[in-house]
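Please take the sequence and the structure together, and follow the chain from its pairing strands to its packed interior and its less certain stretches.

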Amino acid sequence: MIKKNFNIQNKLIFFTLLTFIIAAIITTTFIFTACSNKKNNSDVTIGIANVTNCSEFYLYAREAAESTGAKVVDLDQVMPSYYTYEQTPKSKTYSSPEVEKIFKENHYGSSNYYDLTTNEKDSRGGVDLNTAIEMGVYQSYPSNVSKVMEGIDAVIIPGGEDVSPGIMLQDSTGTSKESNFQAANDVSDLLLVDYCIDNDIPFLGICRGMQMFCISQGAGVIDDIKDFYGPDGEKENAAAKHRDPKTEGRWFVPHDVNLATKIGSNDSALHKIFGTDTINNVPSWHHQLIRSVDRTPLYASGTNNTNGKDFIEAVELPGRKFAIGVQFHAELPIYLTNHNDERAKDFMDVELSRKLFQAFVDSAK
């Protein structure tokens, strides 16, 4: 009887020790896993969109992202099954010979892309309005976006060409005649934004990228700032505050951006990042702008008062790791400073720019 009780006690001790050992292993594994998920900047992979046009805007954004120490890669073109694409790839265009040289020397991006077939584009190269209407909610069609996003922790859509009116279910007749549109670029970028928002992948939209972000969430875009005003003198004055009409090529004008401390019931992420109510002298180069974010899930967290009207300069989508768009070029001061360009002094403090890109990378860790 004593021996039987002794054996029972030994078994209880054995199973108690075994339980403690298993618990210790599980705890250690959990701690190790949690620690291993705390990445360094160099462990973060940022994908940058660049389908059809190779411009200085891409270069500025790429260098600003790389300055954090993160890995930056070019994203492949996203193509939904609804559209048909030409079988022969087209060559990308470059905004200048200098930009082309930098792209080729550094092997940035693929040199080719696939364009939509002619019957799915309008006369100016944008998404055909009738096709877009027939397509309905094109985001729901299967695409290669999940494959494109394999291994990507965060996404930047930089500045670039105007967005096709057709992608917003608008007719391009009577819209700005500045440049042709790029349907393949618009379709690819829109699906990228949707994928990031749906899967809570950190997203930063800059200038055109912010406009695409807003469009994806149901906001409208004003085609040209000058069309937003009445008298001709006022039109020109307002437009000049957001893009210099006298400078050859693309250069920027400085203006201030006022930041909201609250967006709805939430604290503004941008106000937290920048730590100020006003960003002085942001670099601006745009002639289109967001009409309104009313009746969308977005909030306008940054504005510029132009001739008595508040222009939306920054938007946020609460409840995501990082879903932010800025109409201004926060990447430019980093690029200019890195290249010892004296024009950096004309624009926002470079440390504020660095805060934005570091917060973006941190959100992907």
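Two strands are said to pair if DSSP finds at least two bridges between them. With that in mind, strand β15 (residues 299–306) and strand β16 (residues 309–316) pair in the antiparallel sense over seven bridges, and within this pairing Ala-300 stands opposite Val-315 in β16. The model shown is a predicted one, and its protein chain holds eleven helices and 17 strands.

The two strands just described belong to an open sheet of nine strands, whose order is β3-β1-β7-β8-β17-β16-β15-β10-β13 and whose pairing is mixed. At the edges stand β3 (71–74) and β13 (278–284), each of which has a single partner strand, so one side of each is left without a neighbour in the sheet. From one strand to the next, the twist averages 30°.

Helices pack against this sheet. Helix α6 (residues 183–198) lies across β7 (154–157), β8 (203–206) and β17 (323–326), and runs at about 145° to β7. Helix α7 (residues 208–216) also packs on the sheet, where it touches β7, β8, β16 and β17, while its direction makes about 120° with that of β8.

The loop between β8 and α7 contains Cys-207, a residue other than glycine whose phi is nevertheless positive, near 55°. Most residues other than glycine have a negative phi. Is Cys-207 buried or exposed? With a relative accessible area of 7%, Cys-207 is buried, because buried means under 20%. A second positive phi, of about 65°, belongs to Arg-295, which is not a glycine either, and which is found in the loop between β14 (289–292) and β15. Arg-295 has a relative accessible area of 85% and is therefore exposed, the cut-off for that word being over 50%.

The packing of the interior can be followed next. In soluble globular proteins, nonpolar side chains tend to be buried together. The largest nonpolar core here has 44 residues, of which Met-149, Val-155, Ile-167, Phe-213 and Ile-290 touch the most other members. At least two residues of this core are supplied by each of α5 (145–148), β7, α6, α7 and β16, and the largest share, nine residues, comes from α6. Leaving aside residues up to four places away in sequence, Phe-213 touches, among others, Val-193, Ile-197, Phe-203, Val-315 and Ile-324; Val-315 is the residue that stands opposite Ala-300. A second, separate core of 41 residues includes Ala-70, Val-72, Phe-103 and Ile-334.

For the chain as a whole, 50% of the 365 residues count as buried, and the accessible surface comes to about 17600 Å², of which 51% belongs to carbon and sulfur atoms. Among contacts between residues at least 6 apart in sequence, 73% join residues at least 24 apart.

Finally, the confidence of the prediction needs attention. The protein chain averages a pLDDT of 85, and 80% of the residues score at least 70. Over residues 2–6, however, the pLDDT is below 50, and this stretch has zero contacts in the model beyond near neighbours in sequence. Residues 27–36 likewise have a pLDDT below 50, with zero contacts beyond near neighbours in sequence. Where pLDDT is low, the predicted coordinates should not be read in detail.

Notes:
Residues numbered from 1 in each chain as written. Heavy atoms only, no water. Helix = DSSP H or I, 4+ residues; strand = E, 2+ residues; numbered from the N terminus. Buried < 20%, exposed > 50% of the residue type's maximum accessible area, 1.4 Å probe, protein only. Contact = heavy atoms within 4.5 Å. Areas by Shrake-Rupley, 256 points an atom, 1.4 Å probe, with all protein chains shown as cover. Axes fitted to C-alpha atoms, helices over the stretch in contact; angles between N-to-C directions. pLDDT = per-residue confidence, 0-100. Core = buried A, V, L, I, M, F, W, Y, C linked by side-chain atoms within 4.5 Å.
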